[in-house]
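Trainee: Could you show me how to read surface features, pockets and charged pairs in a protein model?
Mentor: Sure, let's go through them one at a time.

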Amino acid sequence: MTAFKSDFLNTLQERGFIHQCSDFAGLDALAAKGEAIAYVGYDCTAPSLHIGNYLTMMLLHWFQQTGNKPITLMGGGTTMVGDPSGKDETRAIRTIAEIEANKASIRGVFARVLRYGHGRSDAIMLDNAEWLTRLNWIEMLRDVGRHFSVNRMLSMDSVRLRLEREQEMSFIEFNYMICQAYDFVELAKRTGCHLQMGGSDQWGNIIMGVDLGRRMGTHQLYALTTPLLTTASGAKMGKTAQGAVWLNADQFSPYDFWQYWRNTEDADVGKFLKLFTTLPMNEIRKLEALGGSEINEVKKVLATEATALLHGRPAADQAAETARRTFEEGILAEDLRTYVMREELAKAFFEEEGVPVLVAARDTELVRSLGEAKRLIDGRGLRVNDVTVTMSTMMLTPANLTPEGVIKLSLGKKKHVLLKPPA
């Protein structure tokens with residue numbers, strides 16, 4: 001393990017954040033003085049960021065905690081173009097109104113892990129629409145585009161992999177890396193920014209920004225990326241039966257967020273404690289040393305600390321208590337996620353033969369499709385009011401209502417939701 005001069009790189013190395021860096025020595029010297037300024041860009045493609053974005057937010061967190069200044073760059077401009085990285089087809093073109101709505105929706109989450117203000121190391125938030133939407137096309141080609149080699153652009157993974165799979169790439173997507181590189185140069189000029197950080201899939205784009213800065217006369221720029229997030233079993237992290245693990249509470253509740261971490265594979269607990277909590281390393285090492293049945297208690301610590309960081313300590317404690325009551329006492333917790341039947345389902349529920357359990361499982365987002373629900377039932381993985389469903393043709397009727405007036409649907413042992421008729 002390399003011993004760095006800066007607390008920033010030592011912290012990242014100890015916690016497992018580092019994948020690649022363009023110049024360790026140069027960045028280390030700058031960060032050791034507490035004079036570094038770094039940014040991460042976040043496109044506004046959805047109303048919420050997801051768990052992959054959370055990892056880069058933690059990069060900015062530790063950057064600030066070690067005395068340096070972070071920038072969160074909203075991609076109001078680049079979202080209009082669409083990042084082709086890791087995609088087999090063109091991203092949907094979003095309207096200005098959609099982008100603005102998404103931008104407004106995701107802004108608040110950053111304040112959970114960063115301190116904003118006007119101090120030397122306080123974070124600031126900018127939007128690349130401020131400069132990208134004002135560029136003159138001919139001037140952009142002449143002043144910026146001339147520094148890019150098409151040969152090199154074609155060799156970038158975001159382009160090369162798409163072409164190798166014979167998937168079409170639009171001209172607007174091809175320009176994304178130019179926009180991202182220009183962002184880096186613009187931030188260097190406007191704020192004195194030295195460093196761009198991101199996931200490993202952004203390495204090529206970030207390096208292009210470093211190179212563009214050199215060609216356009218900025219101070220020395222640096223690149224740093226994190227490893228691709230995967231679980232011990234090799235699966236891409238951040239997916240559930242319900243889809244992505246979103247950071248906004250209205251799209252993925254604090255309880256679901258807590259449960260996501262509680263369900264971590266045993267082999268991943270230590271890694272995730274380092275990446276997604278702010279627990280001191282000596283405490284994490286003690287937790288990592290526990291095994292056997294104690295690992296489940298460590299998972300609860302992970303779940304509570306990760307949830308507290310994002311949603312606040314009260315929400316984390318409430319989620320932990322809900323889980324305890326549900327799984328340890330076997331009672332129906334009042335704050336489980338609750339779904340109200342759609343009008344047509346309620347009519348069938350009360351006036352006809354009932355609601356198919358397959359439809360109920362899909363509508364409550366336990367599963368994504370009726371086919372998935374059927375497979376779960378065939379594998380004895382779905383329960384109604386803690387009783388295993390054995391027939392996919394089962395209908396839910398008023399007879400299934402608990403004394404509390406709800407129906408409890410469970411996926412496996414750890415995923416529970418409530419379905420209730422409208423009032």
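Trainee: Which residues make the nonpolar surface patch?
Mentor: Keep in mind that this model is predicted. The patch consists of Trp137, Ile138, Leu141 and Phe171, and covers about 470 Å². Helix 6, residues 137-143, gives the largest share, with three residues.

Trainee: And which residues are closest to the centre of the second largest pocket?
Mentor: That pocket has a volume of about 470 Å³. Of its 20 lining residues, Trp137, Met140, Asn175, Ile178 and Cys179 are the closest to the centre. You've met Trp137 already, as part of the patch. The lining splits into 15 nonpolar residues, five polar and no charged.

Trainee: How many salt bridges are there in the whole structure?
Mentor: A search finds 22. Take Glu100 and Lys103: their closest N and O atoms are 2.8 Å apart. Both sit in helix 4, three residues apart, or about one turn of the helix.

Trainee: Is Lys103 buried or exposed?
Mentor: Buried means under 20% relative accessible area. Lys103 has 4% relative accessibility, so it counts as buried. Glu100 is at 40%, so Glu100 counts as partly exposed.

Trainee: Which salt bridge partner does Glu130 have?
Mentor: Arg190, with the closest N and O atoms 3.0 Å apart. This pair links distant parts of the chain, with Glu130 in helix 5 and Arg190 in helix 10, 60 residues apart.

Trainee: What about networks?
Mentor: Look at Arg152, Asp211, Arg214 and Arg215, which are linked in a network of salt bridges.

How values were computed:
Residues are numbered from 1 along each chain as its sequence is written. This is a predicted model: local features need pLDDT of at least 70, side-chain atom pairs count only at pLDDT 80 or more; totals for chains, interfaces and linings use all residues. Side-chain values use heavy atoms; hydrogens and water are left out. Patches are made of residues with over 30% relative accessible area and no salt bridge: like charges are joined within 9 Å, nonpolar side chains (Val, Leu, Ile, Met, Phe, Trp, Tyr) within 5 Å. Accessible areas come from the Shrake-Rupley method with a 1.4 Å probe; for residues, only the protein chains shown count as cover. A salt bridge is a side-chain nitrogen of Lys or Arg within 4 Å of a carboxyl oxygen of Asp or Glu. Helices (H or I, at least four residues) and strands (E, at least two) are DSSP runs, numbered from the N terminus. On a 1 Å grid over the protein atoms alone, a cavity is a set of points where a 1.4 Å probe fits but cannot get out, and a pocket is an open set with protein on both sides within 12 Å along at least five of seven lines; lining residues have an atom within 4 Å of a point. Grid points are joined across faces, edges and corners, and a volume is the space filled by probe spheres set on the points. Ala, Val, Leu, Ile, Met, Phe, Trp, Tyr, Cys and Pro count as nonpolar, Asp, Glu, Lys and Arg as charged, and the others, Gly among them, as polar. Buried means under 20% relative accessible area, exposed over 50%, partly exposed in between (1.4 Å probe, protein chains only).
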